[in-house]
Amino acid sequence: MQRILLAVILAALATAAPAEPTDITVRVLSRDAKFIGTSMGGVDVTILDVETGEVLARGLTEGGTGDTQRIMKSPRERGGTLATEGAAGFSATVDLDRPRQLQVTATGPAEFPGSANTVTATQWVVPGRHLTGRDGWVLEMPGLVVNLHDLPATAEAGKSLELRATVEMMCGCPLTPGGLWDANEFVIRSEGVLHAGVDASGDMTYAGEPSEFAGRLTLDEPGIWTVRVWAWQESTGNTGVAERRIEVTR
């Protein structure tokens, strides 16, 4: 019996297909903008086997945001590429012994976890048939990076509180009036929450420097408030939110 079992195992090993190294390049493109790379801390990319759940590779996208003219201005033609040399991506070599359905999950940008989103895609990959052509495997990341800063830990009830925030595309591309990412096309609001709903709100306007916005908010009652800034791009639905807690005293 043992001899028969051993023969079966040896036969299976003899007929098993050898694993072939297969190259995969993953890029993450900010919706309505450029590639997300090193300047934003990269995007955390995980490649796994859908059937088994085995993680085959993981890492961060690295590199630049890419060529603005090619990505944002030139007409796109079938067969054309967006990525130029140095454009951000994550490259890995996985060993495949058969066609496998792979899933890529991308979370980022890593440097701004409060603004991070996650996108996922699946596709079949065949051993030795590399997924690096043209731009590789491209995922689109929606959202905006919103960073609320210079907010004091405490404030006095009834006094106007000055707010400042940075709002950028997910790739770090800047918003400026009349620019490629026109600040006038974005709605940016501040809100204060003490009870169940929004208890205070105000508009934020361009503060004179790329991606910088300012506004004022009056928090009328003592308590622990949540101060929120959100930004919305109507043409794409890109949205970002930042929140901080502040104690308001009498």
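In this predicted model, four strands form an open sheet in the order β8-β10-β14-β13, with antiparallel pairing. Its edge strands are β8 and β13 (205-206), each of which pairs on one side only. Strand β13 is joined to strand β14 (residues 212-218) by two bridges, and the two run antiparallel. In general, the strands of a sheet pair through backbone hydrogen bonds, in either a parallel or an antiparallel manner.

**The aromatic pair**

Tyrosine 206 stands opposite phenylalanine 213 of β14. The structure holds one aromatic pair, and it is formed by tyrosine 206 and phenylalanine 213, with 5.8 Å from centre to centre and 80 degrees between the planes. The pair is classed as edge-to-face, because an angle over 60 degrees between the planes meets that criterion. Is phenylalanine 213 buried or exposed? Phenylalanine 213 has a relative accessibility of 2% and therefore counts as buried. Tyrosine 206, at 29% relative accessibility, counts as partly exposed.

**Histidine 149 and its surroundings**

Strand β8 (residues 144-149) includes histidine 149. Which residues does histidine 149 touch, leaving aside those up to four places away in sequence? They are Arg164, Ala165, Thr166, Glu212 and Arg244. With threonine 166, histidine 149 makes a side-chain polar contact of 3.2 Å. The C-alpha atoms of histidine 149 and threonine 166 are separated by 7.9 Å, and the two residues are 17 residues apart along the chain. A side-chain polar contact of 3.3 Å also joins histidine 149 to aspartate 150.

Aspartate 150 belongs to the loop between β8 and β9 (154-156). With a relative accessible area of 60%, aspartate 150 is exposed. Its backbone has a positive phi of about 60 degrees, although the residue is not a glycine.

**Backbone geometry in the loops**

Most residues other than glycine have a negative phi, and most peptide bonds are trans. Aspartate 32, in the loop between β1 (20-30) and β2 (44-49), has a positive phi without being a glycine. At 32% relative accessibility, aspartate 32 counts as partly exposed. The peptide bond joining glycine 108 and proline 109 is cis, and proline 109 is found in the loop between β5 (100-108) and β6 (117-125). The backbone angles are listed below.

| Residue or bond | Angle | Value |
|---|---|---|
| Aspartate 32 | phi | about 65 degrees |
| Aspartate 150 | phi | about 60 degrees |
| Glycine 237 | phi | about 80 degrees |
| Glycine 108 to proline 109 | omega | about 5 degrees |

**Strands β11, β15 and β16**

Strand β15 (residues 223-233) runs antiparallel to strand β11 (residues 186-193), and eight bridges join them. Within this pairing, isoleucine 188 has alanine 231 in β15 as its bridge partner. How many bridges join β15 to strand β16 (residues 239-249)? Ten bridges do so, and these strands run antiparallel. Here arginine 228 is partnered by glutamate 243 in β16. Strands β15 and β16 form a hairpin with five residues between them, and glycine 237, which has a positive phi, lies in the turn.

Definitions and conventions. Residues numbered from 1 in each chain as written. Predicted model: local features only at pLDDT ≥ 70, side-chain atom pairs only at ≥ 80, totals over all residues. Heavy atoms only, no water. Phe/Tyr/Trp six-rings, centres within 6.5 Å; stacked < 30°, edge-to-face > 60°. Buried < 20%, exposed > 50% of the residue type's maximum accessible area, 1.4 Å probe, protein only. Contact = heavy atoms within 4.5 Å. Polar contact = N/O pair within 3.5 Å; in protein donor to acceptor, adjacent residues only side chain to side chain. Pairing = 2+ DSSP bridges.
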